[in-house]
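Look at the sequence and the model below before reading on. The report then goes through the chain part by part.

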Amino acid sequence: SEADSLRSNVADSVELFNIRLDSARNKLMGLELVTAIVAVAIAAGALVAGVFGMNLRNTHEESSGAFLLVTLLLAALVAAIPLVGMATTSRARKELR
């Protein structure tokens, strides 16, 4: 009886400890997801910048506004990827609850 009570308390403590570990693991996975989304955004920007930095001949060399347009579009792309990723993640978390 006292041994059963002690056994039950130990089992409850182990279960609580496992729940806390699961919670910490889930928080780390969320941080990893955010980091991956930001890395994809930066990689997309680097890809476009790399393509335009290869000194290939195209029709935009003489255009005065092409650099500004490409820069603004690239900034919008790099900003939009994390926003879409976070919105999708948030929506998925709400569906799981």
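The sections below cover the whole chain, its helices and a few single residues.

## The chain as a whole

This is a predicted model. The chain has two helices and zero strands. Along its principal axes, the C-alpha trace spans about 90 × 25 × 15 Å. The radius of gyration of the chain is 25 Å, whereas a compact globule of 97 residues would have one near 13 Å.

How much of the chain counts as buried? The share is 10% of the 97 residues. The accessible surface of the chain comes to about 8,100 Å², and carbon and sulfur atoms account for 67% of that area. The chain carries 9 positive and 9 negative charges, and the mean positions of these two sets are 5 Å apart.

## Helix H1

Helix H1 takes in residues 2-52, which is 51 residues. At 1.5 Å a residue, a helix with this number of residues should span 75 Å. The end C-alpha atoms of H1 are 75 Å apart, so the model agrees with the expected span.

Which residues of H1 are buried? They are Gly 30, Ile 37, Ala 41, Ala 44 and Gly 45. Helix H2, residues 66-96, is included in what covers them.

A general point about helices helps in reading such lists. An α-helix has 3.6 residues a turn, so residues three or four places apart point the same way.

## Helix H2

H2 has 31 residues. From its first C-alpha to its last, H2 reaches 45 Å, close to the 45 Å expected at 1.5 Å a residue.

The buried residues of H2 are Ala 66, Leu 74, Pro 82, Gly 85 and Thr 89. What do these buried residues pack against? They pack against H1, and H2 in turn is part of what covers the buried residues of H1.

## Two residues of H1

Ala 49 lies in helix H1. Its relative accessibility is 42%, and because partly exposed covers values between 20% and 50%, Ala 49 counts as partly exposed. Ala 49 and Glu 32 are 17 residues apart in sequence, and their C-alpha atoms are 26 Å apart in space.

Asn 18 is also found in helix H1. Is Asn 18 buried or partly exposed? At 37% relative accessibility, Asn 18 counts as partly exposed. Val 38 is 20 residues from Asn 18 along the chain, and 30 Å separates the C-alpha atoms of the two.

## Thr 89 in H2

Thr 89 is found in helix H2. Its relative accessibility is 14%, and because buried means under 20%, Thr 89 counts as buried.

Which residues is Thr 89 in contact with, leaving aside its neighbours within four places in sequence? They are Leu 33 and Ile 37. Ile 37 is itself one of the buried residues of H1. Gly 30, another buried residue of H1, is 59 residues from Thr 89 in sequence, yet the C-alpha atoms of Thr 89 and Gly 30 are 9.1 Å apart in space.

Key: Residues are numbered from 1 along each chain as its sequence is written. This is a predicted model: local features need pLDDT of at least 70, side-chain atom pairs count only at pLDDT 80 or more; totals for chains, interfaces and linings use all residues. Side-chain values use heavy atoms; hydrogens and water are left out. Helices (H or I, at least four residues) and strands (E, at least two) are DSSP runs, numbered from the N terminus. The radius of gyration is taken over C-alpha atoms; the globule rule is 2.2 Å times the number of residues to the power 0.38. Buried means under 20% relative accessible area, exposed over 50%, partly exposed in between (1.4 Å probe, protein chains only). Accessible areas come from the Shrake-Rupley method with a 1.4 Å probe; for residues, only the protein chains shown count as cover. Lys and Arg count as positive and Asp and Glu as negative; His and the chain ends are not counted. The place of a charge is taken as NZ of Lys, CZ of Arg, CG of Asp or CD of Glu. The expected span of a helix is 1.5 Å times one less than its number of residues. Contact means heavy atoms within 4.5 Å.
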